[in-house]
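Visitor: I'd like to understand how charged side chains pair up in a protein. Could you walk me through one?

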Amino acid sequence: MPNTPPLTYPGSPATPASPLTPPASGHAEGVSNEEFRAAMSRLASGVVLVTAQEPPLDPDDPLAPRGEDVGMTATAFMSVSLDPPLVLVSLREGSRMDDLLDEQPLWAVSVLAESQRHIAGRFAMKGRVSDRLLFADIPYVRGEATGAPLAGGALATLECRTEQRVPAGDHTLVIGRVLTAALPSADGGPLAYFRGRYRQLG
């Protein structure tokens with residue numbers, strides 16, 4: 001990524017910028033968005049499907065229809081603690097999933113297998129169709145603890161309850177306590193994400 005030229009004080013083009021003057025990228029440390037993205041693209045990540053179900057339209061009425069299932073592809077997912085079992089997912093601030101998990105504490109994660117690249121791509125699309133259509137032809141079961149969809153054929157599934165939400169720049173870090181963990185499929189390797197592409201190990 002291109003280096004940015006040194007900044008100058010307003011009205012004095014030849015005067016070097018103060019160390020406290022932020023660079024053109026807007027980041028005080030001097031790294032541009034493009035440099036940061038390029039560096040982080042060299043970090044291989046696992047790919048998961050994060051899912052949750054919208055709360056009932058009337059929480060006080062047990063017969064009220066439930067809301068839609070919502071899903072998103074994530075690569076910023078990691079374990080945090082063994083005792084208690086905690087995981088973390090990073091959500092873009094203001095995204096549909098971020099807004100939903102701000103009101104719905106129960107959610108789930110399906111660790112995708114290398115054969116499930118189509119699921120990852122589908123739930124990562126911008127300007128996509130409704131979530132109901134996205135789930136239409138994907139085999140899944142509902143988690144007993146959360147009611148969220150768990151992708152059939154996933155290498156592992158986790159059901160979680162939010163313990164903490166931490167604002168972090170333009171994202172929200174959602175830390176969840178793991179309520180259930182299962183290994184529905186032992187076949188195949190994991191789906192990975194590296195240098196902007198989905199990949200297989202080996």
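Guide: Sure! This is a predicted model, and by the salt-bridge rule the count comes to 8.

Visitor: Why is the contact between R165 and D98 called a salt bridge?

Guide: The cut-off is 4 Å between a side-chain nitrogen of Lys or Arg and a carboxyl oxygen of Asp or Glu. For R165 and D98 the N to O distance is 2.7 Å, so the pair fits the rule. R165 sits in strand β9 and D98 in helix α2, 67 residues apart.

Visitor: What makes D98 buried or exposed?

Guide: Buried means under 20% relative accessible area. D98 has 4%, so it counts as buried. Its partner R165 is at 27%, which lies between 20% and 50%, so R165 is called partly exposed.

Visitor: And how do you know that R122 and D137 form a salt bridge?

Guide: Their closest N and O atoms are 2.6 Å apart, and the limit is 4 Å, so the name applies. R122 lies in helix α3 and D137 in the loop between α4 and β7, so the pair ties together parts 15 residues apart in sequence. D137 has a relative accessible area of 55%; exposed means over 50%, so that label fits D137.

Visitor: What about R96 and E68, which parts do they tie together?

Guide: Their side chains meet at 3.7 Å, N to O, which is within 4 Å, so this is a salt bridge too. R96 is in helix α2 and E68 in the loop between β2 and β3, so the pair ties together parts 28 residues apart in sequence. E54 joins in as well: E54, E68 and R96 are linked in a network of salt bridges.

How values were computed. Residues are numbered from 1 along each chain as its sequence is written. This is a predicted model: local features need pLDDT of at least 70, side-chain atom pairs count only at pLDDT 80 or more; totals for chains, interfaces and linings use all residues. Side-chain values use heavy atoms; hydrogens and water are left out. Helices (H or I, at least four residues) and strands (E, at least two) are DSSP runs, numbered from the N terminus. Buried means under 20% relative accessible area, exposed over 50%, partly exposed in between (1.4 Å probe, protein chains only).
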